[in-house]
Amino acid sequence: MSRLGSATPPVELSKKKAVARLVAAQERLLRLRLLLGGQIGEKRIGPPLCVVFEGWDASGKGGAIKRLVAPLDPRHVRVSQFAAPTYDEKRHHFLWRFWPRLPGWGGMAVFDRSWYGRVLVERVEGFASREQWTRAYGEIVEFERTLTAEGMIIVKFWMHVSAAEQLRRFQDRAGDPLRTWKLTDEDWRNRGRRPQYKAAVAEMLRRCDPRWAPWHIIAGDDKNWARLAVVETVCAAVESELTRRGYDLEQPAVTAG
């Protein structure tokens, strides 16, 4: 379980400093997104960018996604949420339903849950047979290898919160009439199976962490830190790939709005 580590951020950062860094990172991301789309700079379309979010219930995925896409033009990013597969989707290979949502060259997509459901919820809840979910690790790695070989930048996040912080957030939601819809009986049931999910997460991180699509564990007990870490990590991944492709990243910054 050492890969998950602590849900406490590695450094202590005040809310004011975290917000200031987040704003700077969002402006940095805006410019990078315009470079990828060919709207500025050399006007060449860059590689597709896919940001994948997994994590505990109430781990802050929604808040992190909101901050990630906030500085971007809505036409330049697509956010897709994946729940349980439909009857028709179950008639196909489990990866089939994700293909249409993947970004093309110059595009960006954000996935709230993903193909990792096969080795997480479908494994723990028995929705996939043992043969299916054990086979899925290799299928997922090869799937991501195919996408990155074609040029895609894949940034994968596991949003990690402690059991105590998760309980606090559940209780906050239960007491807020405008957020009770975010808390379901299934959330409470999943919390009761946290040890089983923790084992599934550990194996997922161990077996699906290739160098071409590594996992980033976000210590999420502090929401301000988590949101900042997500945006900065995406920026670093895009900058690394654009630098490798010979892009000039020293142009003047773009200011949102």
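**Entry 1. Burial and the cysteines**

I count a residue as buried when its relative accessible area is under 20%, as exposed when that area is over 50%, and as partly exposed in between. The model I am reading is a predicted one.

I applied this rule to Cys208 first. Cys208 counts as buried because its relative accessibility is 0%. I then looked up Cys235, which counts as buried because its relative accessibility is also 0%.

Why does Cys208 form no bond with the closest cysteine sulfur? That sulfur belongs to Cys50 and lies 15 Å away, so it is too far for a bond. For Cys235 the closest cysteine sulfur is again in Cys50, at 16 Å, and is therefore too far for a bond. A disulfide needs two cysteine sulfur atoms within 2.5 Å. By this rule I recorded zero disulfides.

**Entry 2. The sheet**

I traced the strands next. Five strands make up an open sheet, with parallel pairing and the order 2-3-1-4-5. At its edges I found strand 2 (78-81) and strand 5 (215-219), each of which pairs on one side only. On average, neighbouring strands of this sheet are turned by 20° against each other, direction ignored.

I then followed the pairings of strand 4. Seven bridges join strand 1 (residues 49-55) to strand 4 (residues 153-160) in the parallel sense. Which residue of strand 4 is the bridge partner of Val52? I found Lys156 in that place. Strand 4 also runs parallel to strand 5, and five bridges join the two. In this pairing, I noted His160 opposite Ala219 of strand 5.

**Entry 3. The cover over strand 4**

How many residues of strand 4 are buried? I counted eight of its eight residues as buried, and the strand is described as mostly covered. I recalled that in a regular strand the side chains alternate between the two faces of the sheet. I therefore listed the two sides of strand 4 separately, and both faces are covered. Ile153, Val155, Phe157 and Met159 are buried on one side. On the other side, Ile154, Lys156, Trp158 and His160 are buried.

**Entry 4. Helix 2 and Gly63**

I turned to the helix that lies on the sheet. Helix 2 (residues 61-69) packs there and touches strand 1, strand 2, strand 3 (108-112) and strand 4. The direction of helix 2 makes about 160° with that of strand 1.

Within helix 2 I looked up Gly63. Gly63 counts as buried because its relative accessible area is 17%. I also compared its place in sequence and in space with that of Lys223. The two residues are 160 residues apart in sequence, and their C-alpha atoms are 8.1 Å apart in space.

**Entry 5. The loop between strand 1 and helix 2**

I examined two residues of this loop, Asp57 and Ala58. Is Asp57 buried or exposed? Asp57 counts as buried, because its relative accessibility is 16%. With its neighbours within four places in sequence left aside, I found Asp57 in contact with Arg113, Gln166, Phe170, Asp187 and Asn190. With Asn190, the side chain of Asp57 makes a polar contact, side chain to side chain, at 3.4 Å.

Ala58 counts as buried because its relative accessibility is 7%. I noted its backbone as well. Most residues other than glycine have a negative phi. Ala58 is not a glycine, yet its phi is positive, about 65°.

**Entry 6. Arg113**

Arg113, one of the contacts of Asp57, lies in the loop between strand 3 and helix 3 (121-124). Arg113 is not a glycine either, and I found its phi to be positive, about 80°. Arg113 counts as partly exposed because its relative accessibility is 23%.

**Entry 7. Helix 1**

I ended with helix 1 (residues 15-37), which has 23 residues. How far does helix 1 reach from its first C-alpha to its last? I recorded 32 Å, close to the 33 Å expected at 1.5 Å a residue. Gly38 follows helix 1, and its phi is positive, near 80°.

Methods. Residues numbered from 1 in each chain as written. Predicted model: local features only at pLDDT ≥ 70, side-chain atom pairs only at ≥ 80, totals over all residues. Heavy atoms only, no water. Pairing = 2+ DSSP bridges. Helix = DSSP H or I, 4+ residues; strand = E, 2+ residues; numbered from the N terminus. Axes fitted to C-alpha atoms, helices over the stretch in contact; angles between N-to-C directions. Contact = heavy atoms within 4.5 Å. Buried < 20%, exposed > 50% of the residue type's maximum accessible area, 1.4 Å probe, protein only. Polar contact = N/O pair within 3.5 Å; in protein donor to acceptor, adjacent residues only side chain to side chain. Expected span 1.5 Å × (residues − 1).
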